[in-house]
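Please look through the sequence and the model that follow, beginning with the chain as a whole and then turning to its interior and to one pair of helices.

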Amino acid sequence: MAWRIGREISKLSDAGSRPRFQGLTKTILTIRGSTTKAELYSNGDQRITDNILQTSNGELLYAGVTSKELLRTLCNLHLVGYEPVVDASIKVLTSPLMQSALFRVPVLQAVKYTAYSHFCAGENIAEASTTLKNMWKLGLRGIMDYGLEDATDSQSCDKNLTDFVNVVHQSAVLPSGSVSFACVKITAICPIQLLERVSNLLRWQHKNAEFKLPWRQEVMPVLANSSPTYHVKAAPEPLTREEENDLSLAHLRLWKLCEACDQEGVPLMVDAEYSSVQPAIDYMVHAAALDFNKGSQPLVYGTIQAYLKDAFPRLSLAAKDASKRGISYGVKLVRGAYLSREVELASSLHAPSPIHKNIEETHSCYDSCAAFMLEQAACGDGSVVLATHNMDSGRIAALKAEELGLSKEDPRLQFAQLKGMADVLSLALAHAGFRVSKYLAFGPVYQVVPYLVRRAQENRGLLGNTALERQFIRRELRRRLQEPAGL
């Protein structure tokens with residue numbers, strides 16, 4: 001399978017000479033395990049260029065996309081980029097009227113043929129597989145994400161696990177190499193109330209080292225000194241015997257899912273979520289990594305959200321500790337998807353926001369985290385999925401990868417974007433030879449509505465900023481119209 005092949009590529013790379021660090025004029029981090037903050041890449045006076053990503057060549061980028069598909073994408077981008085429509089859609093989808101079938105059925109039908117078809121891969125694994133095969137023809141891989149989250153009891157967690165494992169097994173029969181990852185939200189396999197309890201206990205122990213947690217395993221750090229702890233004001237009650245048993249069951253569910261991924265050769269990507277449950281999620285991911293990331297290529301990947309002020313410290317601490325333990329550290333880097341929720345929670349608790357004060361700081365943090373992980377990958381100390389819709393971040397990372405001598409086929413470096421977003425960046429990276437995946441959320445329309453609402457709420461600015469994407473598509477459509485006429 002692709003993941004095992006990736007391990008062999010990594011081994012071959014390790015067996016030969018190490019990548020040479022040449023031409024780096026502003027990169028501090030070159031020592032294995034260092035936690036010094038890596039600065040952005042610069043090669044003399046040359047900054048970001050289009051040389052590596054040929055984004056201006058529409059004929060090349062859209063060679064495998066039909067004009068009908070381009071036109072449909074253009075219409076959808078206009079729709080999701082118009083804020084009044086987005087705001088009205090959010091109000092409708094979160095309205096109490098959705099409880100009524102008379103109202104819900106026509107609304108979901110409208111959603112299915114607009115936002116759902118644009119951002120989602122289908123209602124089931126069969127439809128998602130068809131979407132994936134079409135993308136595979138364009139040189140894009142798929143991250144299979146069955147839209148389940150926020151379970152409240154063990155019974156629903158068990159059912160969700162069965163569904164996730166089935167997706168992994170069915171993904172294995174798709175074209176070899178086309179599935180880059182399976183994806184899971186820990187909130188789907190561990191009751192969310194328990195995750196909140198465990199997170200608060202981990203925070204309190206971080207503030208008070210003498211506070212004992214008898215159930216806690218020794219894993220890589222999940223919190224840094226700069227991590228917010230305002231969620232808990234006093235020592236939480238210890239886990240009850242029943243809660244400890246439920247936590248053990250949650251660990252077992254994740255272990256079973258990892259085992260299925262290991263069996264089928266499909267790495268597992270664990271999504272980040274909101275801060276009230278993230279420490280517990282990282283704790284579970286790190287525990288699984290100790291069991292499954294002992295080779296040169298990790299099976300289990302966690303996620304770091306760069307819009308959080310403590311993103312880089314947590315990333316570097318975990319990577320350094322994993323290196324000491326001889327564990328392959330795998331991580332997906334994103335900017336973040338719960339901004340509004342985090343700001344509102346901090347405000348309600350009269351605490352400083354955990355989010356960077358502006359988008360420029362978030363961009364800087366993301367690119368610094370990416371630079372750090374690229375150097376870890378080049379040293380053989382880590383693997384990274386750069387999940388970004390930002391063209392500049394994509395170019396910076398691609399240039400730095402080349403300078404570090406990272407092979408474009410090395411699975412230690414991969415790029416990813418959501419289906420329906422930043423297709424120009426996805427196709428440009430793929431044509432440049434990098435491993436690129438589209439995040440394929442799938443499931444019944446009603447089940448995926450929370451995902452669509454979150455995409456609309458948290459990516460409002462990004463959705464509105466589709467002018468460049470629309471410009472590329474219009475230019476290519478115009479070229480195709482003029483070509484037969486000899487113009």
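**From the whole chain to its cores**

In this predicted model, buried residues account for 57% of the 487 residues in the protein. The protein holds 18 helices and eight strands, and of the contacts between residues at least 6 apart in sequence, 80% join residues that are at least 24 apart. Its accessible surface amounts to about 20,700 Å², with 54% of that area belonging to carbon and sulfur atoms.

Turning to the interior, the largest nonpolar core comprises 122 residues, and within this core Leu-333 and Phe-434 are the residues with the most contacts. The element that gives the most to this core is helix α10 (residues 278–292), which supplies 10 residues. A second core, separate from the largest one, has 31 residues, among them Ile-90, Val-107, Met-269 and Leu-452. Leaving aside residues up to four places away in sequence, Leu-333 touches Ile-304, Leu-315, Tyr-366, Cys-369, Ala-370 and Met-373, as well as Val-384, Val-385, Leu-386 and Ala-387.

Helix packing can be followed in one pair, helix α7 (residues 154–171) and helix α9 (residues 241–264), whose axes lie 9 Å apart at an angle of about 10 degrees. Because angles under 35 degrees count as roughly parallel, α7 is described as roughly parallel to α9. On the α7 side the contact involves residues including Leu-161, Phe-164, Val-165 and Val-168, while α9 contributes, among others, Arg-253, Lys-256, Leu-257 and Ala-260. Taken by type, the residues of the contact of α7 with α9 comprise eight nonpolar, three polar and five charged.

Methods. Residues numbered from 1 in each chain as written. Predicted model: local features only at pLDDT ≥ 70, side-chain atom pairs only at ≥ 80, totals over all residues. Heavy atoms only, no water. Core = buried A, V, L, I, M, F, W, Y, C linked by side-chain atoms within 4.5 Å. Buried < 20%, exposed > 50% of the residue type's maximum accessible area, 1.4 Å probe, protein only. Helix = DSSP H or I, 4+ residues; strand = E, 2+ residues; numbered from the N terminus. Contact = heavy atoms within 4.5 Å. Axes fitted to C-alpha atoms, helices over the stretch in contact; angles between N-to-C directions. Parallel < 35°, antiparallel > 145°, perpendicular 65-115°, else oblique. Nonpolar A, V, L, I, M, F, W, Y, C, P; charged D, E, K, R; others polar. Areas by Shrake-Rupley, 256 points an atom, 1.4 Å probe, with all protein chains shown as cover.
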